[in-house]
Amino acid sequence: MDGLQTGDPRYLKRRVKGCTLDVHPTERALIIQYEVEATVLGELGIPMIGERKECQKIIRLKSLNAHTDTSSLARKVVEECRLIHSSKLLEVEQLLFYLQNRKQSNDNQEKKLISSRDVKPYTGVELDEEANINSIDEYVELLYEDIQEKIRGATLIFQLARNPDNLEELIQNEAAIGALARVLREDWKQSVDLATTIIYVFFCFSSFSQFHGLVTHFKIGALCMNIIEHELKRYDLWQDELQKKKKAHEEFSENQNLKKEHEKSFRKYQSLLIKQEHLLRVALGLLLNLAEDTRTELKMRNKNIVHMLVKILDREDEELLLVVVSFLKKLSIFLENKNDMAETFAVEKLAQLVPCKHEELLSTNLRLLLNLSFDTTLRSQMVQAGLLPRFSSLLADEGQRQFSMCILYHISMDDRFKSMFADTDCIPQLMKMLFDCGEKKIDVELISLCINLAANKNNARIICDGNGLKRLMKRALKLKDVLVMKMIRNLSQHNGPTKSLFLDHVGDLAAQIIEDEAEEFVIECMGTMANLTIPDLDWQLVLKEYNLVPYLKDRLKPGSAEDDLILEVVIMIGTVSMDDSCAAMLAKSGIIPALIELLTAQQEDDEFVCQIVYVFYQMVFHKATRDVIVKDTQAPAYLIDLMHDSNTEIRKVCDNTLDIIAEYDEEWGKKIQNEKFRWYNGQWLEMVENRPLDEAGEPFLFGEDGESYMGERDIMERPDLFYSPDGITSTDGAISPEFYTDFQDGELGQSGYMSSVSEQFVSADRPVSAYGFRPDEQFFFNYNTASR
């Protein structure tokens, strides 16, 4: 066609043929394949030159979603696109319906690559001319000229690469891709504009997984790592130089030349910084796209990518920070990268971005912090960086609420930080969100956070302020909400005014302890009641009015219910037994033998053993039930067996219980005394009993005929072997070694004898159940003030 004379009259005839429709493989778009036939006619209409070209048009359907009316949209597409004949309306509608219901691939769901369309054009290399795919060879030739021509050629190729439809054709031009890679490798230090533009081209390829092999083949990723490292060093040099000139200007403020030089350097620094940050942004974006392959990501990690990214967090460019934080978020799922972030104190720098006006940056930053919050040390760093009140303030933002709440939940898992929530506006906001749910199901993150916070005394006070407890009880009982009841149970653990508020709800809780109620809900209700160690509460009246004694007794049988429920029944009995009259009622009902049977069945479970022993302690503490325990059951024998248990809590409760039994029953007292003596002097007793008869050196232990003075008798029947304080053995054995221990510890009364039981035996702390959440401080109940 170029050979024709321009002066001859010509007529151009254009015709479209063979239009076919298909869907785009990854986007919500239609692809139209068609053929254009162009014919040049002479003056008489005779065809002189003809040419055919296959073309493609993509119709992107941005408004297509699950609720779109595909019939209406299909009519609109046919009307506006002249390439589609009206007879293809039904076919268009079917393709739209397919796109509407097509599921995205797992790769797209798990990780969205940064698209070249998301990156703002680099203003420094904008050209007035428009690139044409047919002129690609001319643009490649420019890459062999001087720097300015190279920049122009790279910019024109970049214009083509920004259109995804051109990438397939570009990748087939090996000369163009090879020339770009060569120029970048050789000349990137000479021009930031050139390096940025060429990296942009490869960045466009990296936006699609199928082109990653091409980018890797030319080692563009490794080159980008070197460029980033170099630019960070340059940045440090700029900072040092600027600081020196600033310091010189401050020292000699009257020198106008130094002032002008500082201002000039600062303007130059700002100009260079803008270009550098754009280069860093596109280079990191390319690396982030390539990091889709974990093997490639590992290579980056070995080249210290985490330290580089954390260093860039000091910048102010929000677009650059978005890429950096996105990269760190992806890296944070691996332990080694997380440890690197901890070493570089990344949390302190990330804290400066919470909150920020850039919504996407804030959201990505919260996702990263959520990943890091699984680590205890990093959670501590977040609190130290003052993030707790900032996360609390973000609860008011619906867009950031979910991630903020999850991070707060992780922080609330640590008892050290629970009390800090009371100093923020977090709890009032959580309570408002909880009550705003109405009868709808509460989000698990919300109620889980509330459950954790309720385990702290100060938080519990804030939660119960006003009608907080009343509203919680109303919701829990009406909807049978187990998680809300678990929160209430944690509230009931704390002594003081909070616990007194539960007096109004004891009847409602007791009414839930029935056969027909779900076990999970009953466990929480019973656990709440078991925490109500309030002197003003008439437990006897509660037991009678709601007929709870038969229920408690039946549930003590091994296998009658889940172990969690049986354990709560034991704890409940321990609480109720604090009352003298209730202890007597339970003893008469035959609960003690049932507890002994349960103790035998659950002897391997320390939690059960500890709580059952505590019930025995309560029973022997009261005169009304002491005889039943000591004389009518074998409970003391079990307690002696458990006296040296490996569990500290069990030993403690056993010792307190046996001390009371030994004080009031002489026979059991002697057995307990002997067992304690055996335990404390076990090694010596074993040595004496097993000494060979012919062993010399100890003539006083044997008679003239070699017979032991002890003969066949038990060594414990020789009280004369017990040593007295002044070295003289006591002949009657009436005073045990414990007497001297007590004497030395100052536990004897003025008369030298044991003081009364009410003075000597102060109530032991109630064993803390491992079930549920532990309170901040151990429960202590003073029996001197308890109702008898």
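Helices are DSSP runs of at least four residues, numbered from the N terminus, and the exercises below use these numbers to say where a residue lies. The model is predicted.

**Exercise 1. A salt bridge inside one helix**

Find how arginine 182 and glutamate 186 meet, and work out how their places in helix H7 are related.

Solution. Begin with the side chains: those of arginine 182 and glutamate 186 meet in a salt bridge, with 3.3 Å from N to O. Next, look at the positions, which are four residues apart in helix H7, so that about one helical turn separates arginine 182 from glutamate 186. This fits a general rule, since an α-helix has 3.6 residues a turn and residues three or four places apart therefore point the same way. Finally, consider the surroundings of arginine 182, which counts as partly exposed because its relative accessibility is 21%, while the word buried is kept for values under 20%.

**Exercise 2. Salt bridges between separate parts**

Of the 27 salt bridges found in a search of the whole structure, take the one between aspartate 314 and lysine 349 and the one between lysine 486 and glutamate 524, and say which parts each pair ties together.

Solution. Take aspartate 314 to begin with: it forms a salt bridge with lysine 349, and the closest N and O atoms are 3.3 Å apart. Because aspartate 314 lies in the loop between helix H13 and helix H14, whereas lysine 349 lies in helix H16, the pair ties together parts that are 35 residues apart in sequence. Aspartate 314 itself is partly exposed, at 44% relative accessibility.

Then turn to lysine 486 and glutamate 524, whose side chains meet in a salt bridge at 3.0 Å, N to O. Lysine 486 belongs to helix H26 and glutamate 524 to helix H29, so this pair ties together parts that are 38 residues apart in sequence. To classify lysine 486, note its relative accessible area of 17%, which makes it buried; glutamate 524, with 1%, is buried too. As a last step, widen the view: Lys486, Arg489, Glu524 and Glu568 are linked in a network of salt bridges.

**Exercise 3. Aromatic rings**

Describe the geometry of the aromatic pair formed by tryptophan 238 and tyrosine 269, and state where its two members lie.

Solution. A search of the whole structure finds eight aromatic pairs. In the pair of tryptophan 238 and tyrosine 269, the ring centres are 6.5 Å apart and the planes make an angle of 85°, which is edge-to-face, since that name applies to angles over 60 degrees. Tryptophan 238 sits in helix H10 and tyrosine 269 in helix H11, so the pair ties together parts that are 31 residues apart in sequence. Both tryptophan 238 and tyrosine 269 are buried. Elsewhere, Phe158, Tyr200 and Phe203 form one aromatic cluster.

**Exercise 4. Following helix H5**

Check the span of helix H5 against its expected span, and find which helices its buried residues pack against.

Solution. Helix H5 covers residues 147-161, which makes 15 residues, and it reaches 21 Å from its first C-alpha to its last, close to the 21 Å expected. Its buried residues include Ile151, Leu156, Ile157 and Phe158. The buried residues of H5 pack against helices H4, H6, H7 and H8.

**Exercise 5. Two polar side chains**

Is asparagine 337 buried or exposed, and which backbone oxygens do the side chains of asparagine 337 and serine 560 reach?

Solution. Asparagine 337 is found in helix H15, and because its relative accessibility is 3%, it counts as buried. Its side chain reaches the backbone oxygen of leucine 331 at 2.9 Å. Leaving aside neighbours within four places in sequence, asparagine 337 is in contact with Glu297, Arg301, Val306 and Leu331.

Serine 560 has its place in the loop between helix H31 and helix H32, and at 30% relative accessibility it counts as partly exposed. The side chain of serine 560 reaches the backbone oxygen of lysine 557 at 2.7 Å, and a polar atom of that side chain lies 3.1 Å from the backbone oxygen of arginine 555.

**Exercise 6. The backbone in loops**

State what marks the peptide bond before proline 355 and the phi angle of asparagine 304, and place both residues.

Solution. The peptide bond from valine 354 to proline 355 is cis, with omega near -5°, and proline 355 lies in the loop between H16 and helix H17. Asparagine 304 has a phi near 70°, a positive value in a residue other than glycine. Asparagine 304 is found in the loop between helix H12 and H13, where it is partly exposed, with a relative accessible area of 40%.

Key: Residues are numbered from 1 along each chain as its sequence is written. This is a predicted model: local features need pLDDT of at least 70, side-chain atom pairs count only at pLDDT 80 or more; totals for chains, interfaces and linings use all residues. Side-chain values use heavy atoms; hydrogens and water are left out. The expected span of a helix is 1.5 Å times one less than its number of residues. Buried means under 20% relative accessible area, exposed over 50%, partly exposed in between (1.4 Å probe, protein chains only). Contact means heavy atoms within 4.5 Å. A polar contact is a pair of N or O atoms within 3.5 Å; within protein, one must be able to donate a hydrogen and the other to accept it, and residues adjacent in sequence count only if both atoms are side-chain atoms. Rings of Phe, Tyr and Trp (its six-membered ring) pair if their centres lie within 6.5 Å; planes under 30 degrees apart count as stacked, over 60 as edge-to-face and the rest as tilted. A salt bridge is a side-chain nitrogen of Lys or Arg within 4 Å of a carboxyl oxygen of Asp or Glu.
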